[in-house]
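Here's a quick walk through a model you may want open on your screen. We'll start with the overall picture and then zoom in on a few spots.

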Amino acid sequence: MSTDQLVPVADLATLEREGHDVADAGGHTVALFHHEGEVYAVDNRCPHMGFPLAKGTVDDGLLTCHWHHARFELACGDTLDIWADDVQTFPVEIRDGTVYVDPDPEPDVPPKTHWRNRLVDAMQENLGLVAAKAVINLDDLGEGFATPVEKAVEFGTTYREAGWSSGLTILGAMANLYDDVGHDEKLRAMYVGVSQVASDCAGEPPRFPQYELGNADLSKARLKSWFRDTCEVRDSDGAERCIRTAAATLPPEDVVEILLAAGTDHLYMDTSHTLDFVNKAVETLDHVGWDHAPDVFASLVDGFTDAVRSEERSQWRQPIDVAELCFDAQDALPALVAAGQGKQWDRPDDFVDTLLADDPHTVVDALRDAVRDGATAEELSRAVALAATRRVAQFATSNEFSDWNTVHHTVSYANAAHALASRTDAVDAYRPCFDGAMSVYLDRFLNTPAAPIPEPGESDRDPAAIREDLLATFDEQGRVNEAGRLVSEHFDADGDLADLKRTLGEGLLREDASFHTLQNVEASFRGTDHAESDAERRLPLIATARYMGAHFPTRREREQTFTIAHRLFRGEQIHGDETA
């Protein structure tokens, strides 16, 4: 401790008589304690929620905050309560009856290391406030995206025996949203992703991984066959060894092909989740690096081996056997693709309308003809995604509320199929077009009557005012159609698409949005990225605004936690006078 930087803060005799005091030390508000013949100095702000520690109690070497009863070892500041964090201590020196402190001590660990550790603490103990603090501080230290995403991926693939589920999917979706939202919403997105991974793992046993196979020369064809066969008989251990080996030895596009093939050997597996989780896992690896692929893809295995297979569900068999239509189309795909080689398919103007037909044979025939005419899997899955999005945009609010999830699942499946088709030219990429389209068909009654999609027009209103009105619709339940209309009006007023996305992101991330709502908004943003016309840009945002309008407002508990963390970071007072 350098004597040059010591500052006087109290009279020793007075402190000994009073037992505690508060002083300013180089801009820091410091709580001073005389205990068992020694003088101690700590930051007066409790690291948990900012309550003045000078109002606490010292006994047997422990300082206890009276607000939430966090306990701190007085000499070093270490907490006994992991949710509270350690408190900053200040070196003390006594000179001629005066107490001096060092107002700027060297930290025990670098700030980046401290907050990385606290991020892991937050996930281990499922502590939302600690997660929010860690995300905010890591952002200030220049690690606001990379560290939260990577640490959460590592945690989620290690500490949940059942593997990849909603938490890691939300994390991937929030990582995808990151560039489309404002700065504070970026922090909220990371906080939501990390805290959802923690919640998903809470109380769950950890994963005990299998090992990859020793033969690094196994071909794609053989690993693909083995992985599909082990998934078919629900052999999770064998499937994990196969996919770990593939992830460690094959290029990414080959591993995607293997996962896509196994994920479509059965129809609409786990009500869309199997394929959607595969896609989010792949997209998340784009963010954190493919060196994580063996653990990430191994975490998907139970989603293949334990999944519900839709051909086993009555609605896919009766009154029309749409499952058989899908399997017949799959069998015909090699010949259809061969017939389309060298051809250029231009999507007919009425093609999406055809996919919304009331006759499943008409839908399947249109898809088969498109493949024969040269449609790529990416082009065809995009059309199915547009049809699925129409179901959400025209969802009738007279339906049961839970049926919003039904149309949402189809959108998730179709968007996953489209995203995966962009990564491989395998024939397997055509398969989810057919069962995705059949799910669109099965959802048809949820558009009865179909809510009208606002027609394009003209508006002389300020787009900023329209966006404010849009946010206001989410403050009151039931303003579903108005939310969709305002999105359309924003386009009519030539409002900036990026501004509209930021507003929708703000509306999303201030709420306690559910898994499906978070997915839905992220999917809609991706939908605009692939739009080929103004109508295609409008559609997904109209659809997601209606979806948000149906599900908001919520209690906004996450926002309260995040706000507390943000105020503490800025040094604001949470509990009034912190100097008393």
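## The chain as a whole

Of the 580 residues in the protein chain, 57% are buried. Keep in mind that this is a predicted model. The chain holds 24 helices and nine strands, and its C-alpha trace spans about 95 × 65 × 40 Å along the principal axes. As for the outside, about 23700 Å² is exposed, with carbon and sulfur atoms supplying 45% of that area. If you take contacts between residues at least 6 apart in sequence, 72% of them join residues at least 24 apart.

## What's inside

The largest nonpolar core has 153 residues, and the ones touching the most other members are Met174, Phe227, Phe297 and Leu380. There's also a second, separate core of 15 residues, with Tyr40, Ala54, Leu74 and Ala84 among them. In soluble globular proteins, nonpolar side chains do tend to be buried together.

So who does Leu380 meet? Setting aside neighbours within four places in sequence, Leu380 contacts Trp345, Phe351, Leu367, Ala370, Val371, Ala375, Tyr430 and Cys433.

## Strands around S9

Strand S9 (residues 98–101) pairs with two strands worth a look, S1 and S8. Here's how they line up:

| Strand joined to S9 | Residues | Bridges | Direction | One bridge pair |
|---|---|---|---|---|
| S1 | 7–11 | four | antiparallel | Val7 with Val101 |
| S8 | 92–95 | four | antiparallel | Ile94 with Val99 |

S8 and S9 form a hairpin with two residues between them. In that turn, Asp96 has a positive phi of about 50 degrees.

## Two helices to check

Helix H23 covers residues 534–551, and its length works out: 18 residues at 1.5 Å a residue should span 26 Å, and the end C-alpha atoms are indeed 26 Å apart. H23 is mostly covered, too, since 15 of its 18 residues are buried.

Now for helix H17 (residues 403–421), which is where His409 lies. Is His409 buried or exposed? His409 has 11% relative accessibility, and buried means under 20%, so His409 counts as buried. Beyond its neighbours within four places in sequence, His409 is in contact with Tyr268, Thr271, Ser272, His273 and His516. Measuring from C-alpha to C-alpha in the model, His409 and Gly436 are 9.9 Å apart in space, with their positions 27 residues apart in sequence numbering.

Notes. Residues are numbered from 1 along each chain as its sequence is written. This is a predicted model: local features need pLDDT of at least 70, side-chain atom pairs count only at pLDDT 80 or more; totals for chains, interfaces and linings use all residues. Side-chain values use heavy atoms; hydrogens and water are left out. A nonpolar core is a set of buried Ala, Val, Leu, Ile, Met, Phe, Trp, Tyr and Cys residues joined through side-chain atoms within 4.5 Å. Buried means under 20% relative accessible area, exposed over 50%, partly exposed in between (1.4 Å probe, protein chains only). Contact means heavy atoms within 4.5 Å. Two strands pair if DSSP finds at least two bridges between them. The expected span of a helix is 1.5 Å times one less than its number of residues. Accessible areas come from the Shrake-Rupley method with a 1.4 Å probe; for residues, only the protein chains shown count as cover.
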